[in-house]
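Here's a quick briefing for anyone meeting this structure for the first time. Have a look at the sequence and the model, then go through the points below.

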Amino acid sequence: MALWGNNDAKGSGGTVSLDYSTLVVTGSGTTFGQVGAAATGDVIRFGVVGGTYFGDAVIVGIASTTQLSIASTTGLSGASIASTDFQISQLPKYTVLDSRWSQTNTGYEPYIYGVEDAGTESSRNTSYKLTHAGWVGVTTYNDANGTLRVKSETLVAMSGITTGNAPVFPPA
């Protein structure tokens, strides 16, 4: 199983709920395990950035089109996840267990984006300016004066990445 892929936009229709005690995700209207949908080794992203975002977890098993298992809840906020929108990504799996990208942090918003070449170009004249396409970690926060600050880190520089998940990069 690869440590990352090149798809940040795998099929993710429906909603999901998580049982923290069993690490089982139950979906409604989902297609887990089908071609182009969630697969073992992918990352499930619970919620929506800019709305309620709960964090990420690595998928370790798929029981059916409506049920899968995750490895841990380390990358999640700890809040209840029920009838929640989700996305499936092939982002670098190690980031799920890295506290810098965890949703348990307060005071700033960390997120891993899959950025294609066009995203790099469109970010040039914004506060989200990037130097590479690939898997990019972006952390935003407001400083003591209320000014938006953006820090980015290229985790995996690569071309050929497929994006399309929300939020798009750079944010509008």
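**A first look**

D143 and R149 join their side chains in a salt bridge, with N and O 2.9 Å apart; a salt bridge here is a side-chain nitrogen of Lys or Arg within 4 Å of a carboxyl oxygen of Asp or Glu. What you're looking at is a predicted model, where local features need pLDDT of at least 70 and side-chain atom pairs count only at pLDDT 80 or more, while totals for chains, interfaces and linings use all residues. Residues are numbered from 1 along each chain as its sequence is written, and side-chain values use heavy atoms, leaving out hydrogens and water.

**The overall picture**

- The protein chain has one helix and nine strands; helices (H or I, at least four residues) and strands (E, at least two) are DSSP runs, numbered from the N terminus.
- Read from the N terminus, the order of elements is β-β-β-β-β-β-β-α-β-β.
- Of the 172 residues in the protein chain, 42% are buried; buried means under 20% relative accessible area, exposed over 50%, and partly exposed in between (1.4 Å probe, protein chains only).
- Among contacts in the protein chain with a separation of 6 or more, 61% involve residues 24 or more positions apart, contact meaning heavy atoms within 4.5 Å.
- About 8,200 Å² of the protein chain is exposed, and carbon and sulfur atoms supply 49% of that; accessible areas come from the Shrake-Rupley method with a 1.4 Å probe, and for residues only the protein chains shown count as cover.

**Strand β2 and its partners**

- Side chains alternate along β2 (residues 24-28): V25 and G27 point to one face and are buried, while V24, T26 and S28 point to the other and are not.
- Strand β1 (residues 15-19) runs antiparallel to β2, and five bridges join them; two strands pair if DSSP finds at least two bridges between them.
- D19 has V24 in β2 as its bridge partner.
- β2 also pairs with strand β5 (residues 67-70), again in the antiparallel sense, over three bridges.
- On that side, T26 has Q67 in β5 as its bridge partner.

**Two spots with positive phi**

- The hairpin of β1 and β2 has four residues between the strands, and L23 takes a positive phi near 65 degrees there.
- L23 is not a glycine, and it counts as partly exposed because its relative accessibility is 23%.
- S83 isn't a glycine either, yet it has a positive phi of about 50 degrees.
- S83 sits in the loop between β5 and β6, and it is exposed because its relative accessible area is 58%.

**What's inside**

- The largest nonpolar core has 16 residues, and V25, I44, F46, L68 and I70 have the most contacts inside it; a nonpolar core is a set of buried Ala, Val, Leu, Ile, Met, Phe, Trp, Tyr and Cys residues joined through side-chain atoms within 4.5 Å.
- At least two residues of this core come from each of β1, β3 (43-47), β4 (53-64), β5 and β6.
- With three residues, β4 gives the most to this core.
- Another core, of ten residues, lies apart from it and includes V43, V58, L155 and I161.
- Beyond its neighbours within four places in sequence, F46 is in contact with residues including V16, V25, Y53 and L76.

**Charged pairs**

- The structure holds four salt bridges.
- One of them joins K10 and D42, whose closest N and O atoms are 2.6 Å apart.
- That pair links distant parts of the chain, 32 residues apart: K10 is in the segment before β1, and D42 is in the loop between β2 and β3.
- K10 and D42 are both buried.
- R45 and D56 also meet in a salt bridge, at 3.1 Å from N to O.
- R45 belongs to strand β3 and D56 to strand β4, eleven residues apart, and both residues are buried.
- Back in the opening pair, D143 counts as buried because its relative accessibility is 19%, whereas R149 is partly exposed, with a relative accessible area of 38%.
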